[in-house]
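Thank you for making time this morning. I would like to walk you through the sheet first, and then through the space enclosed by the protein.

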Amino acid sequence: AVERSAAEQLALSATAQLGVAIDAIAEPIALADASLTLTRANPAFVALVARLGRGDAVPGFPLARFARPEMRDRWIALFDRVRAGESVQIKYPLPIDGEVRTYDVRLTPVFDGGRVEGVLVALRDVTVDESLRRELASREAYYRSLIEQSSDLITVSGLGGGTGCPRPSAA
């Protein structure tokens with residue numbers, strides 16, 4: 001009985017430490033049980049749900065309410081995959097304060113005794129990353145078209161000297 005009590009105390013301490021760590025993370029994180037009911041959310045997740053106007057993210061909050069109404073069926077299908085043991089990652093646009101923000105959403109199964117007992121939901125705002133990626137691709141395409149349409153000899157210089165790279169249009 002003493003060993004069991006010590007083990008229970010250790011488990012409670014580890015759970016409390018995990019909760020403190022989750023709360024300290026700046027990105028939205030939530031834990032839900034297998035029925036997709038919120039069991040824990042860090043302050044960033046609570047604030048995000050509030051900004052979306054979807055209710056209070058408190059224990060008992062159904063995660064399906066987090067999704068936009070027109071996307072709920074897709075989210076339920078994704079959660080079904082996670083409950084089957086698969087990790088899922090998607091990009092998800094969320095309209096916040098009159099602006100569409102893009103989030104990288106990761107849904108990870110939480111196992112206990114070989115069974116999925118819950119879902120970890122982690123979000124990361126990748127709006128700036130996506131914008132920069134699109135801008136870089138646009139500029140790369142623009143400069144590539146300039147080079148391909150050039151009738152001059154294009155030279156790439158390096159520490160070892162120059163190398164001529166004629167384009168097909170120069171022929």
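Before describing the sheet, let me fix the terms: two strands count as paired if DSSP finds at least two bridges between them, and both helices (H or I, at least four residues) and strands (E, at least two) are DSSP runs, numbered from the N terminus. What we have here is a predicted model, in which local features need pLDDT of at least 70 and side-chain atom pairs count only at pLDDT 80 or more, while totals for chains, interfaces and linings use all residues. Residues are numbered from 1 along each chain as its sequence is written, and side-chain values use heavy atoms, with hydrogens and water left out.

With that in place, the strands form an open sheet of five in the order β2-β1-β5-β4-β3, with antiparallel pairing. Because β2 (38-41) and β3 stand at the edges, each with a single partner strand, one side of each is left without a neighbour in the sheet. From one strand to the next the twist averages 25°, where axes are lines fitted to C-alpha atoms, for helices over the stretch in contact, and angles run from 0 to 180 degrees between N-to-C directions.

Let me start at the β2 edge. Strand β1 (residues 29-33) is joined to β2 by three bridges, with alanine 32 standing opposite leucine 38 and leucine 31 opposite arginine 40. The hairpin of these two strands has four residues between them, and leucine 36 takes a positive phi near 65° there. On its other pairing, β1 runs antiparallel to β5 over five bridges, and here leucine 31 stands opposite leucine 120, while alanine 30 stands opposite valine 121.

Moving across the sheet, β4 and strand β5 (residues 115-125) are paired over ten bridges, and tyrosine 103 has aspartate 125 in β5 as its bridge partner. In the hairpin of β4 and β5, with two residues between the strands, glycine 113 has a positive phi near 65°. At the other edge, nine bridges join β3 (residues 88-96) to β4 (residues 99-112), and proline 95 stands opposite valine 100 in β4. This hairpin also has two residues between its strands, and aspartate 97 takes a positive phi near 50°.

What, then, is the lining of the largest cavity by class? A cavity, on a 1 Å grid over the protein atoms alone, is a set of points where a 1.4 Å probe fits but cannot get out, and lining residues have an atom within 4 Å of a point; grid points are joined across faces, edges and corners, and a volume is the space filled by probe spheres set on the points. The count comes to one cavity of 30 Å³ or more, and the largest has a volume of about 50 Å³. Its lining consists of Phe45, Leu63, Phe66, Trp75, Phe79, Val105 and Val121, which by class gives seven nonpolar, no polar and no charged residues, counting Ala, Val, Leu, Ile, Met, Phe, Trp, Tyr, Cys and Pro as nonpolar, Asp, Glu, Lys and Arg as charged, and the others, Gly among them, as polar.

Two of these lining residues, tryptophan 75 and phenylalanine 79, both lie in helix α3 (residues 72-83), four residues apart, about one turn of the helix. Valine 121, the partner of alanine 30 in the sheet, is also among the residues that line the largest cavity.

Conventions
On a 1 Å grid over the protein atoms alone, a cavity is a set of points where a 1.4 Å probe fits but cannot get out, and a pocket is an open set with protein on both sides within 12 Å along at least five of seven lines; lining residues have an atom within 4 Å of a point.
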